[in-house]
Amino acid sequence: MRFFPAHVNKQILQVEYIVIGMHNKEYRPTLSQLRTFVTIAENKHFGSAAAKLGISQPSLSQALAALEQGLNIQLIERSTRRVIVTSAGETLLPYAKATLDAAEAFLVHSRGNGGAMSGPVTIGIIPTVAPYILPALLTSLSDSFPDLEPRIVEDQTRHLLEMLRDGHVDLALMALPSDAPSVVEKHLYDEEFVLVVPQDHPLAGRTDLQLDALDGLDLLLLDDGHCLHDQIIDLCRAADLNPSEATNSITRASSLTTVTQLVASGLGATLAPLSAVETECTRPGLATARFSEDVTAQREIGLVYRSSSSRTKEFETIGTLATTAYSQAVASYR
C-alpha cells in the first residue's frame, strides 16, 4: 500500500469528488425510466406495472435498474413477496410525477401550437354532479375546443382522489374541501339542497323551510362513500338532529335515481342537489320543497388538480365551462 503526504491525499479526495460529481451531472434519466419508476411505485407489483405499460417484465426491471444505477440510489426494494418504495424513492416520486406532467403538458401545447386547448384530458366527476352538467359541459368543450379530447371518469370522491394522485385523471369536479395533500382546489359554485318528498307530503311545495323541518323525516341516503351521504349527515348535525335517528339505517342506494324512486314509493324523503331536480324529481309521485333564503343548506363544488401540474390555465377554463353548465341546469329554479 502506498502512502502519500496529507496534502496529496486531500487533493486525491478532491479529484475523486469532482469525478463523482461530473458523473452525476452527466446522467439524465429518460421519460421512459421515470414512467417505469412511477408505475411500479403506484402498483407495488412488477407484473401489474409491466402490463400497464405494455412491456415485458424483464424490460421493466432493466429500465428501473438503469435509473437506479444512473442515480446511484435504490428507489425500489423488491423481494419475492412484496415491492416497497424506499425512503429516497418516496422523496423523489413527486418530482418524477411532476416531470411526466410537464412532458405531457409540453405535448398538449405543441399540438395546439400554444393556442387553443387540444389533445386528451381526463376529467373525473362525482356521480351527483356528472349526469346533470355533463351534457352542457361536453357540448361547450366541443364547440369551444374542437381539438380537445375529453375523457370522463365518473366515480366516488375517494377513488377520484386516488386516480388523481396516481396520474390516471388530470382534474376532478367534486365537493370541497377534498382534504387531499398536494392538490390545488378552485371554488366553482355553491349548490343548494332541495328536500324531495312524496307528492302528498305536508311539506310539498314549501319554500320557507328551516333545518328543523328535517326533524321527524325518514331520510334516505346514498351508500357510504358518496359525498352526498356525508353532506346530509352533516346537515342533520347542524340541525341538532341525531343522524342515526334522522336517516334510514337500512335502506341504501348507489344512485340518486334509485333514492328518488324510493321516495316516490313512499319510503321516505331525501335531499338532492338543485342541479338534479329537473332530471330526478319531476317524475310522478314526487314533490320538492326549498329552504328559506336565510338557511345555509348547500354544498361547495370545485375543481381539484395536482399542484405539480403545469396545465392550470386549461383546467381553470374547463372549470369556468362547468360553472356555466351548472347555471344552465338550474336556470329554471332560480
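The following questions and answers concern a predicted model of a protein chain.

Reader: What is the mean pLDDT of the protein chain, and over which residues is the pLDDT below 50?

Author: The mean pLDDT of the protein chain is 84, and 85% of its residues reach 70 or more. One stretch has a pLDDT below 50, and beyond near neighbours in sequence it has three contacts in the model. That stretch is residues 1–23.

Reader: How many helices and strands are there in the protein chain, and what percentage of its residues count as buried?

Author: The protein chain holds 12 helices and 11 strands. Its length is 334 residues. The share of these that count as buried is 45%.

Reader: Among contacts between residues at least 6 apart in sequence, what percentage join residues at least 24 apart?

Author: The accessible surface of the chain comes to about 17500 Å², and 52% of that surface belongs to carbon and sulfur atoms. As for contacts between residues at least 6 apart in sequence, the share joining residues at least 24 apart is 73%.

Reader: Is Ser-292 buried or exposed?

Author: Ser-292 lies in the loop between β10 (286–290) and β11 (298–306). Its relative accessible area is 17%. Because the limit for burial is under 20%, the class of Ser-292 is buried.

Reader: Which side chain is joined to that of Ser-292 by a polar contact?

Author: Leaving aside neighbours within four places in sequence, Ser-292 is in contact with Thr-207, Asp-208, Leu-209 and Gln-210. The polar contact in question has a length of 2.6 Å and runs between two side chains. The partner of Ser-292 in that polar contact is Asp-294.

Reader: Where is Arg-290 found, and what is the separation of its C-alpha atom from that of Leu-195?

Author: Arg-290 is found in strand β10. Not counting residues up to four places away in sequence, Arg-290 touches several residues, including Glu-192, Val-194, Arg-206 and Tyr-333. Along the chain, Arg-290 and Leu-195 are 95 residues apart. Their C-alpha atoms are nevertheless separated by 6.2 Å.

Reader: Why does Arg-290 count as partly exposed?

Author: Burial requires a relative accessible area under 20%, and exposure requires one over 50%. The value for Arg-290 falls in between, so the residue counts as partly exposed. That relative accessibility is 22%.

Reader: Which residues does Arg-151 touch, not counting residues up to four places away in sequence?

Author: Arg-151 has its place in strand β4 (residues 148–154) and counts as partly exposed at 45% relative accessibility. The C-alpha atoms of Arg-151 and Ile-123 are separated by 6.0 Å, although the two residues are 28 apart along the chain. With residues up to four places away not counted, Arg-151 touches Pro-120, Val-121, Thr-122 and Ile-123.

Reader: Which backbone nitrogen does the side chain of Thr-86 reach?

Author: Thr-86 is found in the loop between β2 (83–85) and α5 (87–111). The residue is buried, with a relative accessible area of 10%, and its contacts beyond four places in sequence are with Gln-74, Leu-75, Ile-76 and Glu-77. At 3.0 Å, the side chain of Thr-86 reaches the backbone nitrogen of Gly-89.

Reader: Which residues make the nonpolar surface patch of about 280 Å²?

Author: One member lies in the loop between α4 (57–71) and β1 (76–78), namely Ile-73. Ile-73 is partly exposed, with a relative accessible area of 32%; it is therefore eligible, as patch residues need over 30%. The patch is made by Ile-73, Leu-92 and Tyr-95.

Reader: Which residues does the cis peptide bond join?

Author: Most peptide bonds are trans. In this model, a bond with omega of about 0° is cis. Its proline has its place in the loop between β5 (171–176) and β6 (183–198). The cis bond joins Leu-176 and Pro-177.

Reader: What are the phi values of Asp-179 and Ser-182?

Author: Most residues other than glycine have a negative phi. Asp-179 is found in the loop between β5 and β6, as is Ser-182. Asp-179 is exposed, with a relative accessible area of 70%, and Ser-182 is exposed at 56%. Both phi values are positive: that of Asp-179 is near 55°, and that of Ser-182 is near 60°.

Terms used: Residues are numbered from 1 along each chain as its sequence is written. This is a predicted model: local features need pLDDT of at least 70, side-chain atom pairs count only at pLDDT 80 or more; totals for chains, interfaces and linings use all residues. Side-chain values use heavy atoms; hydrogens and water are left out. pLDDT is the predictor's confidence in each residue, from 0 to 100. Contact means heavy atoms within 4.5 Å. Helices (H or I, at least four residues) and strands (E, at least two) are DSSP runs, numbered from the N terminus. Buried means under 20% relative accessible area, exposed over 50%, partly exposed in between (1.4 Å probe, protein chains only). A polar contact is a pair of N or O atoms within 3.5 Å; within protein, one must be able to donate a hydrogen and the other to accept it, and residues adjacent in sequence count only if both atoms are side-chain atoms. Patches are made of residues with over 30% relative accessible area and no salt bridge: like charges are joined within 9 Å, nonpolar side chains (Val, Leu, Ile, Met, Phe, Trp, Tyr) within 5 Å. Accessible areas come from the Shrake-Rupley method with a 1.4 Å probe; for residues, only the protein chains shown count as cover. A salt bridge is a side-chain nitrogen of Lys or Arg within 4 Å of a carboxyl oxygen of Asp or Glu.
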